[in-house]
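Student: Could we go through this chain together, question by question? I would like each answer to end on the value or name I asked for.

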Amino acid sequence: VSARVDDASDYAELPMATVSLEDNPNEHKTRTGDWERSTKDYVPVSPIYANLPRGMPGGPTRPSLAGASRAAPSRPQQVVVVPTPCLVISTRASGKDLGSTFVLSNVFAGCPLKVLCAASWKYQPKGQEPFLYIIVGAETGLYVLETSGDKRELVQVSRRKCTWLYVMDEEGIMISISDVSGRAQVCVHDLNSLLVGPNEDIRFKTTRLLESESRAKCAVTRTPDTGFTFLCVAVKHQLLLMQWYEPRRKFMKLKDFQTPFTEQPRMMELLVLEGEPLPVLCVGATRDKQTRSKQLSLVNPNYPPEKLAKHMSSELGWVRVRSGREDIFATAVKQIGRDRFMLCFSNVATFIDHNGDLSVSPGEPDKIIFETPPDVAVYTPDAIIGFSQHRMERRSVHTSKITHQMKDTRETFRVVGKEGNIIIEAKPEGEDSSHLYLLIRK
């Protein structure tokens, strides 16, 4: 069995490498503090993640990992799942947050890969329960993990170092950034091409969007009214804006700007503003030194090239700091309404409109302060979850109080996927392998 792609110059044909994941036959539970631990490898907590049959007569096909296993190399890497807990994080809040429970559900215990990024794909066949796949980008390539069935196998579909992933669930499309001999490649993959029968080869359909001599950075957004998907790519001296065109199943280039910058913005987020036909790119934020009022730093592709060029200076950088203001080194900006945005910097999260004015409901806090500055902040409708090296802290947007938290100095936590399902890597101290979890609200 081989994994192939349509563009031979992009991905070479390679043997399918398979990692077999055996269920742990022993199971017991212990309680430690706020955590309920189960040593069963994977605990279904939602119909989406329930164990599903491997196939039905006449039904749709999906990645036949069992078939790949039979034709794997003579010495495939075998990994036995070690007892790794499912963590149930209990609630100590009241009122609006009472009864809320989050589960860290383990999907890959004893992962031997050096994980750089991850994403999930929910495939919904007609008349059946959805299937969930975890896609892992690592130093050694791109892998697909099937999470249903008694046995789960990790199939390698590319040997190229993958540093970033984004999945468009409904279209079955994935965007990736890979590193090829020091050059960055932005590619689009058709995940539906993985849906083959048990004895068929996987022909992984891949299209290369662009290649750069240096690094690349991407941002994706979907407009709430029209459902259009836009992709922005920043490479050395170039900024591109593309739109997904479903009839042709490809990205079409809308704008191509030359920039004076050799490096990509520290932060990139596409925002949809009323009155603007195309999304704008947020690259950071500043604040007034006296009033402390915030202002988003935007690159507007709706401007003509000449006007846009006037707003860019290699000396000032992507975030232009005017007199009387200072860069707050924003770590996250997330659009959560038509004209409402979550802005995170240092250990603070606040809510503003596109003009920088506060945008909070009566009786709710204008800012949320974390005990530890989070490396990654994830917004949910009722809370913001901050992730740092040894801590996960969930604070209510209604009260700013902690509703869930998890601290463990013996483990290192890292968010490797935050679009759609939140995917977390936990690495115990002194171990080479790590564990991948899905954060699920129960």
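Tutor: Happy to! Let us begin with a definition: helices (H or I, at least four residues) and strands (E, at least two) are DSSP runs, numbered from the N terminus. The model is a predicted one, where local features need pLDDT of at least 70, side-chain atom pairs count only at pLDDT 80 or more, and totals for chains, interfaces and linings use all residues. Residues are numbered from 1 along each chain as its sequence is written, and side-chain values use heavy atoms, with hydrogens and water left out.

Student: In which strand is Ala 119 found?

Tutor: With those DSSP runs numbered from the N terminus, we can place this residue directly. Ala 119 belongs to strand 9.

Student: Is Ala 119 buried or exposed, and what is its relative accessible area?

Tutor: Buried means under 20% relative accessible area, exposed over 50%, and partly exposed in between (1.4 Å probe, protein chains only). Ala 119 falls under the buried cut-off, because its relative accessible area is 6%.

Student: Which residues does Ala 119 touch, and which distant residue is 8.2 Å from it, C-alpha to C-alpha?

Tutor: A contact means heavy atoms within 4.5 Å. Leaving out residues up to four places away in sequence, Ala 119 touches Tyr 133, Ile 134, Ile 135, Leu 165, Val 167 and Ile 423. The residue at 8.2 Å, C-alpha to C-alpha, is 303 residues away from Ala 119 in sequence: Ile 422.

Student: Which residues does Gly 417 touch?

Tutor: Gly 417 lies in strand 34, residues 411-417, and counts as buried because its relative accessible area is 6%. Its C-alpha is 9.7 Å from that of Ile 135, although the two are 282 residues apart along the chain. Not counting residues up to four places away in sequence, Gly 417 touches Ala 118, Ile 422 and Ile 423.

Student: Which strand gives the largest share of the largest nonpolar core?

Tutor: A nonpolar core is a set of buried Ala, Val, Leu, Ile, Met, Phe, Trp, Tyr and Cys residues joined through side-chain atoms within 4.5 Å. The largest one has 21 residues, and those with the most contacts inside it are Trp 121, Ile 135, Leu 142, Leu 165, Met 174 and Leu 191. Strand 9 (115-123), strand 10 (131-138), strand 11 (141-146), strand 12 (152-158) and strand 13 (161-168) each supply at least two residues of this core. The largest share, four residues, comes from strand 9.

Student: How many residues are in the other core, the one with Val 188 and Phe 251?

Tutor: That core lies apart from the largest one, and its members include Val 188, Val 220, Leu 231 and Phe 251. In soluble globular proteins, nonpolar side chains tend to be buried together. The count for this other core is 19 residues.

Student: Which residues do ring pairs link into a cluster?

Tutor: Rings of Phe, Tyr and Trp (its six-membered ring) pair if their centres lie within 6.5 Å; planes under 30 degrees apart count as stacked, over 60 as edge-to-face and the rest as tilted. A search of the whole structure finds six aromatic pairs. The cluster is made of Trp 121, Tyr 123, Phe 131 and Tyr 133.

Student: Over which rings do Lys 307 and Arg 340 lie?

Tutor: A charge sits over a ring if NZ of Lys or CZ of Arg is within 6 Å of the ring centre and within 35 degrees of the ring normal. For Lys 307 the distance to the ring centre is 4.2 Å, and the ring is that of Tyr 303. For Arg 340 the distance is 4.6 Å, and the ring is that of Phe 351.

Student: What is the phi of Ser 181, and why does Ser 181 count as exposed?

Tutor: Most residues other than glycine have a negative phi, and most peptide bonds are trans. Ser 181 is in the loop between strand 14 (173-180) and strand 15 (183-190), and its phi is positive, about 55°. Ser 181 counts as exposed because its relative accessibility is 76%.

Student: Where does Arg 249 lie?

Tutor: Arg 249 also has a positive phi, near 55°, in a residue other than glycine. Arg 249 is partly exposed, because its relative accessible area is 32%. Its place is the loop between strand 20 (238-245) and strand 21 (250-258).

Student: Over which residues does pLDDT stay under 50?

Tutor: pLDDT is the predictor's confidence in each residue, from 0 to 100. The chain averages 78, and 75% of the residues score at least 70. The stretch where pLDDT stays under 50 is residues 1-94.
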